[in-house]
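Subject: Structure for you to look at

Hello,

I am passing on a structure that I would like you to look through at your own pace. Please open it first, and then read my notes beside it.

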Amino acid sequence: MLFPLRFTANRRNESKLTKDMDFDMRFSIRWLLAIALFALIAGLTAAAPQLFAKDARQTVVIEQAWSRATPDGARVAAGYLKIKNTGTENDTLLRVTSSASAEAQIHEMSMDNGLMKMRALPTTGLEIKPGETMELKPGGMHIMFMNIGAPLKQDTSVDAVLTFAKAGDVKVKFAVGIVGATSAPQPTH
Amino acid sequence: MKKKIRPQQLGLAALTAVVALGVMLSLPMFKAAHQLTPISGLGGPFTLTNQMGERVSDKTFLGRPTLYFFGFTHCPDVCPTTLLELSQIVKEFGKDRLNAVFISVDPARDTPNVLRNYLQSFEGVTGLTGSPAEIESVIKAFHVYAKKQEPSSSKVYNVDHTASVFAANAKGDIVMTIGYGEAPDMIKEKINRLLNN
């Protein structure tokens, strides 16, 4: 009958072990609770501006907005920029307005076998997924400023408001580079 | 018994080889390999009006290579960037060595006066416009596609169009095209080939 004896012995050992564990666990649960509470308070404090101020604009970050100087008599200009969706949901650029032009559209340009085609995006707008950066650049998409009131001058800027479905209105300044520029002007200090 | 080659003999042989090579390369059959062949059926005679209001034709641009680009002044992206490239090419290589010509696909809006103002920003580029029939004829000759689109709410319309540059040799034959977005090094190499043709 060696086996049951050993079994009993084991059980006895086990129960002692469980008791020890209970003591350790109770101890560590208290610690865990304390840490969790501390983290919660810290997290809430850090997140407070976003949670309570409801500054939804933080979910869209605009970078490198630029345009180019327009030749004399030109009635249109293109604006380029990078739009980063830093939020957790899809957002959509619905429309653009600018004091510099009567109308502004979101255009998509395509090159097909040497043929340039340009279309305004449908009114459903330009969707940007969370974490995604949408780049509007020469040869691709651009903001088309139509019927500009005055020629755009190099080293000035064009003010515009981008309206997003979730982030709302975002003010953007497009830095104006040289006529015919193919990349953003270097920032002057 | 071995014959000893004298230095004079060696020199004579080398000279003969150089002369022979020179004669060979000057022969038309060898030169042809370096020559750009005209792209058949592309380009043709035209008569249009330049930005100064003067009547000009394809003959006006003979005698040196010419770069032709079709576009319009209400074009926000491809046209200003390409015109800047053309202007820079003319500046770099010399306007006595090649012409750059911008032909409007939108004669309704691009009058000579509009072109003159617009092209002040692109030195060295000649602008051409004309009657709708004249433009129709030249875009057909160059196999250029140009299609007016529906106007926007502020009455601005776009014209879809071929954005390639057509390069003609001094005789007016189109010998190559330069695509939109080609690398600057590649373009420079093509211009060199065009000029040394």
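In chain B, strand β1 (residues 47-50) is joined to β2(B) by 3 bridges, and the two run antiparallel; here helices (H or I, at least four residues) and strands (E, at least two) are DSSP runs numbered from the N terminus, and two strands pair if DSSP finds at least two bridges between them. Within this pair, Thr49(B) has Arg55(B) in β2(B) as its bridge partner.

Before going further, please keep in mind that this is a predicted model, in which local features need pLDDT of at least 70 and side-chain atom pairs count only at pLDDT 80 or more, while totals for chains, interfaces and linings use all residues. Residues are numbered from 1 along each chain as its sequence is written, and chains are lettered from A and ligands numbered from 1 in the order in which they are written.

The β1-β2 pair belongs to an open sheet of 7 strands in chain B, ordered β2-β1-β5-β4-β3-β8-β9 with mixed pairing. Its edge strands, each pairing on one side only, are β2 (55-57) and β9 (174-178) of chain B.

Helix α3(B) lies across β3 (66-71), β4 (99-104), β5 (125-129) and β8 (165-168) of chain B, and runs at about 165° to β3(B) (axes are lines fitted to C-alpha atoms, for helices over the stretch in contact, and angles run from 0 to 180 degrees between N-to-C directions).

α3 (residues 78-93) of chain B also gives the most, 7 residues, to the largest nonpolar core. That core has 85 residues, of which Phe145(A), Leu67(B), Leu86(B) and Ala167(B) touch the most other members; such a core is a set of buried Ala, Val, Leu, Ile, Met, Phe, Trp, Tyr and Cys residues joined through C-beta atoms within 7 Å, where buried means that 20 or more other C-beta atoms lie within 10 Å of a residue's own, with C-beta atoms placed from the backbone.

Turning to chain A, its secondary structure comes to 1 helix and 10 strands, and buried residues make up 29% of its 189 residues. The contact between the chains takes 29 residues from chain A and 28 residues from chain B, two residues being in contact if their C-beta atoms, placed from the backbone, lie within 7 Å. Across the chains, β5(A) is joined by 2 bridges to strand β7 (residues 159-162) of chain B, and these strands run antiparallel, with Leu115(A) having Thr162(B) as its bridge partner.

Best wishes

Conventions: Buried ≥ 20, exposed ≤ 12 C-beta atoms within 10 Å, placed from the backbone.
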